[in-house]
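Here are my notes for you, set out as numbered points. Keep the sequence and the 3D view open as you read, and look up each residue as it comes.

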Amino acid sequence: MLNKFDAATLRLTAWYLGVLMVIALIFSIALYQVSSRELVDSLRQQVGIISRRVEPFVRGKVVDLATFQEEAIRQAEGELRARLLLGNLIILITGGIASYWFARRTLTPIENAVESQGRFTADASHELRTPLTAMRTEIEVALRDKKLSLKDAKELLGSNLEEIGKLETLSESLLRLARYDEGRAATDFTKVPLEPLITKTVSRLQAKAKVHGVTLVTDIAALTIEGDAGSLRELLHILLENAIKYSPDGGKVRLTAAKEGGQAVIAIKDQGIGIKASDVPHIFERFYRADNSRAKTHIDGYGLGLSIAKSIVDMHKGALTVSSTPGKGSTFTISLPISSRSFKS
Ligand code: ADP
């Protein structure tokens with residue numbers, strides 16, 4: 001059974017091939033008309049010359065040059081038709097192969113996008129269902145408990161609130177991801193001085209760093225870039241929060257911002273758990289969480305932060321890279337064009 005993309009590929013192949021064959025046939029008919037006319041004219045001319053040359057020698061004898069001429073024309077036209085037919089057959093076969101190749105090339109990115117959208121929806125539904133299931137179970141157990149005290153009920157409500165908080169965080173992340181993917185914030189680009197923006201984001205995270213026993217250090221050059229201040233703040237927040245989250249007690253997170261070429265380069269270096277080389281290619285994928293952040297250490301998160309960060313960097317036509325050594329730490333580096341005039345198209 002063909003899936004819908006195989007069927008679409010075949011339909012598109014048929015369309016490409018149909019258009020190609022119509023053009024080839026129109027071209028062949030025109031070529032046949034012109035060539036056969038020229039062929040007939042040139043044969044008639046040649047027969048005329050021959051008949052004039054042979055006339056003095058064959059005077060009085062019957063030489064059937066007209067029949068000879070007709071036969072020669074028929075033969076030449078037959079050969080022309082056979083060649084054009086062969087040509088069209090070759091176009092049909094090679095065109096068929098080429099059309100299929102082009103149809104695949106056209107549809108593969110769409111197929112991949114639809115597949116990843118499907119995966120994303122399945123992952124999002126799963127993540128949304130988990131806190132809902134937890135809440136339902138707690139409430140059902142509580143309702144069945146005939147001796148439920150006020151203290152127990154308050155505990156239950158507290159736990160439910162926690163789950164609601166998780167749902168809010170998740171739905172906000174999903175909405176932000178959709179917003180950045182659409183590039184809606186890109187229309188709000190203004191000149192953004194980086195130093196106050198970074199300082200504000202760092203100071204907002206100081207309390208969290210303190211709880212984790214992590215020290216934040218900065219070294220920021222005076223730089224102004226063209227971008228969307230709100231999303232840039234969010235980008236730094238995500239990377240700094242991750243650096244804190246994945247650092248051990250007593251760790252240090254260092255943020256540097258400097259101009260390199262026409263780019264503003266911001267590096268966030270931590271001394272945390274690091275990322276395995278096999279996880280590095282996937283960490284920017286939606287809902288991807290490396291093993292180290294899942295079961296063993298129970299570090300909270302949905303695996304959406306880095307995909308949001310990547311969307312923000314893409315919206316600014318920049319680059320986001322990571323280098324990491326497990327057990328030693330990671331460095332996330334953001335490169336952003338300083339002016340929109342230097343933006344890649
Ligand atoms: P989350 O932190 O919510 O799991 P992210 O998208 O922000 O999701 O990160 C994806 C994964 O990348 C994380 O689960 C973690 O395994 C890894 N990761 C991100 N930042 C760091 C870091 N600074 N140190 C170690 N691992 C990290």
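1. Let's begin with the aromatic rings. This is a predicted model, and a search of the whole structure turns up two aromatic pairs. One of them joins Trp 101 and Phe 102: the ring centres lie 5.1 Å apart and the planes meet at 75°, so this pair is edge-to-face. An angle over 60 degrees is what earns that label. Trp 101 is partly exposed, because its relative accessibility is 49%. Phe 102 also counts as partly exposed, because its value is 44%.

2. Now for the other pair, Phe 120 with Phe 287. Here the centres are 5.7 Å apart and the planes are at 35°, which makes the pair tilted. The two rings come from distant parts of the chain, 167 residues apart: Phe 120 belongs to helix H2, whereas Phe 287 sits in the loop between strand E5 (263-269) and helix H6 (305-315). Both Phe 120 and Phe 287 are buried.

3. Please also look at Arg 286 while you are there. Its charged end sits over the ring of Phe 120, at 5.0 Å from the ring centre.

4. Which backbone angle should you check at Phe 287? Its phi is near 70°, a positive value in a residue other than glycine. Phe 287 has a relative accessibility of 7% and therefore counts as buried, since the cut-off for buried is under 20%.

5. Lys 317 deserves a similar look. Its phi is near 55°, again positive in a residue that is not glycine. You will find Lys 317 in the loop between H6 and strand E6 (319-325). Is it buried or partly exposed? Lys 317 is partly exposed, because its relative accessible area is 36%.

6. Next, strand E5 and its neighbours. Five of the seven residues of E5 are buried, so the strand is largely enclosed by the rest of the structure. Strand E4 (residues 252-260) runs antiparallel to E5, and seven bridges join them. Seven bridges also join E5 to strand E7 (residues 329-337), and that pairing is antiparallel too.

7. Ala 264 is a handy landmark for following these pairings. In E5, Ala 264 stands opposite Lys 259, and it also stands opposite Leu 336 in E7. As a reminder for reading the view, side chains in a regular strand alternate between the two faces of the sheet.

8. How many residues lie between E4 and E5 in their hairpin? There are two, and Gly 261 in the turn has a positive phi of about 65°.

9. Back to helix H2, this time for its surface. Leu 89, Leu 92, Ile 93 and Ile 97 make a nonpolar surface patch of about 390 Å². Ile 93 lies in H2, which covers residues 65-144. Ile 93 is exposed because its relative accessible area is 52%, and the cut-off for that class is over 50%.

10. One last stop is Thr 190, which lies in strand E1 (residues 190-193). Thr 190 has a relative accessible area of 44% and so is partly exposed. If you want a distance to try in your viewer, the C-alpha atoms of Thr 190 and Ala 222 are separated by 17 Å, with these positions 32 residues apart along the chain numbering.

Conventions
Residues are numbered from 1 along each chain as its sequence is written. This is a predicted model: local features need pLDDT of at least 70, side-chain atom pairs count only at pLDDT 80 or more; totals for chains, interfaces and linings use all residues. Side-chain values use heavy atoms; hydrogens and water are left out. Patches are made of residues with over 30% relative accessible area and no salt bridge: like charges are joined within 9 Å, nonpolar side chains (Val, Leu, Ile, Met, Phe, Trp, Tyr) within 5 Å. Accessible areas come from the Shrake-Rupley method with a 1.4 Å probe; for residues, only the protein chains shown count as cover. A salt bridge is a side-chain nitrogen of Lys or Arg within 4 Å of a carboxyl oxygen of Asp or Glu. Helices (H or I, at least four residues) and strands (E, at least two) are DSSP runs, numbered from the N terminus. Buried means under 20% relative accessible area, exposed over 50%, partly exposed in between (1.4 Å probe, protein chains only). Rings of Phe, Tyr and Trp (its six-membered ring) pair if their centres lie within 6.5 Å; planes under 30 degrees apart count as stacked, over 60 as edge-to-face and the rest as tilted. A charge sits over a ring if NZ of Lys or CZ of Arg is within 6 Å of the ring centre and within 35 degrees of the ring normal. Two strands pair if DSSP finds at least two bridges between them.
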